[in-house]
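Please look over the sequence and the model below before reading on. The paragraphs that follow lead from individual residues to the cores and the largest pocket.

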Amino acid sequence: MLDERKLTVLRAIVEDYVSTTEPVGSKSLVDRHHFDVSPATIRNDMAVLEEQGFIAQPHTSAGRIPTDKGYRLFVDRLSSVKPLSAAERRAIESFLAGAYSLDDVVMRTVRLLVQLTRQVAVVQYPSLTRSAIRHIELVPLAPQKLLLVLITDTGRVEQCTVDLPDAWDDASVSHVRAVLNACLGGHMLVDAAAMVTDLSDRIPAEERANANAVFSVLLASLIERNEVKIVFGGAANLNAQDFNRGLREVLEALEEQVVLMRLLGEATDPAILTVRIGSENLVAGLQATSVVSTGYGNNTAQPLAKLAVLGPTRMDYPGTMGAVRAVARYVGQILMES
């Protein structure tokens with residue numbers, strides 16, 4: 001166990017190294033921070049921290065850098081994450097509220113996390129296995145063209161145009177809309193796909209050609225999407241000097257969807273913020289990185305999916321944790337209200 005002064009010294013070393021990228025020496029610590037002890041005492045504290053594996057000497061210079069163990073203790077002892085400013089919160093809410101589809105929400109979320117953290121952002125789409133049909137809307141665009149809108153209970157909105165073989169009046173459109181919502185509303189998407197093929201029998205024979213065109217497009221929208229889809233951005237923010245074994249391994253790992261799935265893991269309670277540091281990441285190629293992740297979706301104990309920020313272990317942990325938590329909260333609200 002470390003006493004409070006040694007924890008303060010470790011905290012100062014982490015903060016200085018993150019901000020300067022230079023190994024931290026006892027003289028610079030004394031110059032930058034107001035310790036009420038002598039420089040010799042600080043040197044002794046650093047010697048204890050090094051002996052216990054919280055800091056290390058990267059080369060022959062007098063400076064020290066935090067180890068994975070040191071970052072872990074720093075994160076575990078954080079009294080709070082860095083709050084976003086009122087202006088940042090308003091900007092996040094406004095930016096996400098302008099999204100017009102789930103794809104747009106996800107891409108805006110990636111861009112937000114990249115801008116806020118200057119790291120790599122990884123966002124998982126809501127899982128199909130956890131989505132049910134809330135409503136299906138049919139909007140006439142022309143005598144032989146409809147807009148089909150599929151809305152799920154997880155905020156997913158799919159819009160597809162349907163080309164009809166024959167002209168259709170409003171009464172026929174309303175009837176098919178009613179059949180779709182009566183038969184499929186409330187059912188999970190994975191179950192609804194199997195039910196669509198039985199709907200034709202509920203439609204008068206003279207309307208079936210048009211109805212089947214609608215059912216065909218709906219079926220495609222239910223089954224064509226990948227069960228798990230993950231997107232990322234911000235790889236250009238990664239700097240080779242932050243990775244001892246090279247940046248290529250990290251970039252190659254990020255290109256694999258299966259790696260990203262393992263990186264995010266199973267979605268957990270949205271209130272839980274997880275930080276995995278260095279060797280705590282079991283994914284090959286990512287053991288020189290840190291990952292800050294959380295679930296999003298706020299009206300259910302089981303979140304919709306996860307989002308994360310990935311960067312080098314030399315990371316602004318309080319700021320990154322604050323950004324991930326805030327963005328996840330706003331994304332969940334936007335999807336639930338959509």
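**From single residues to cores and pocket**

Thr21 counts as partly exposed, because its relative accessibility is 29%, a value that falls between the limit of under 20% for buried residues and that of over 50% for exposed ones. This is a predicted model, and in it Thr21 is found in the loop between α1 (4-20) and α2 (26-32). The backbone of Thr21 deserves a look as well, since its phi is near 65°, a positive value in a residue other than glycine.

A positive phi also occurs at Arg118, where the angle is about 60° although the residue is not a glycine. Arg118 belongs to the loop between α6 and β3 (120-124), and it is classed as exposed because its relative accessible area is 56%, with the cut-off for that class set at over 50%.

Helix α6 itself, which spans residues 102-117, contains another arginine, Arg108. Is Arg108 buried or exposed? With a relative accessibility of 17%, Arg108 counts as buried, since the class of buried residues takes in values under 20%. Once neighbours within four places in sequence are left aside, Arg108 is in contact with Phe95, Leu96, Gly98 and Ala99. For Gly98 there is a polar approach to report, in that its backbone oxygen lies 3.4 Å from a polar atom of the side chain of Arg108.

Ser293, in strand β9 (residues 289-296), is likewise buried, because its relative accessible area is 0%. Which residues does Ser293 touch, not counting those up to four places away in sequence? The set consists of Ile272, Leu273, Thr274, Arg276, Lys306, Leu307, Ala308 and Val324.

Attention can now pass from single positions to groups of side chains. In soluble globular proteins, nonpolar side chains tend to be buried together. In this model the largest nonpolar core has 58 residues, and those with the most contacts inside it are Leu29, Tyr296 and Tyr317. Helix α12 (residues 317-337) gives the most to this core, contributing eleven residues. A second core, separate from the largest one, is made up of 27 residues, among them Leu164, Cys183, Leu184 and Val214.

The open spaces of the model are the next topic. How much space lies in the largest pocket? The volume comes to about 550 Å³, and 23 residues line this pocket, of which Ile65, Asp242, Phe243, Asn244 and Thr313 are the closest to its centre. Two or more residues of the lining come from each of the elements β2 (65-66), α4 (68-76) and α10 (247-254). In character, the lining of the largest pocket is mixed, for its residues divide into ten nonpolar, eight polar and five charged.

Helix α10 also holds Leu251, which counts as partly exposed because its relative accessibility is 32%, a figure between the limits of 20% and 50%. When residues up to four places away in sequence are not counted, Leu251 touches Ala235 and Leu238. With respect to Asp316, Leu251 is 65 residues away in sequence, and the distance between the two in space is 21 Å, C-alpha to C-alpha.

Technical notes:
Residues numbered from 1 in each chain as written. Predicted model: local features only at pLDDT ≥ 70, side-chain atom pairs only at ≥ 80, totals over all residues. Heavy atoms only, no water. Helix = DSSP H or I, 4+ residues; strand = E, 2+ residues; numbered from the N terminus. Buried < 20%, exposed > 50% of the residue type's maximum accessible area, 1.4 Å probe, protein only. Polar contact = N/O pair within 3.5 Å; in protein donor to acceptor, adjacent residues only side chain to side chain. Contact = heavy atoms within 4.5 Å. Core = buried A, V, L, I, M, F, W, Y, C linked by side-chain atoms within 4.5 Å. 1 Å grid on protein atoms, 1.4 Å probe; cavity = no way out; pocket = protein on both sides within 12 Å on 5 of 7 lines; lining within 4 Å. Points joined across faces, edges and corners; volume = space filled by probe spheres on them. Nonpolar A, V, L, I, M, F, W, Y, C, P; charged D, E, K, R; others polar.
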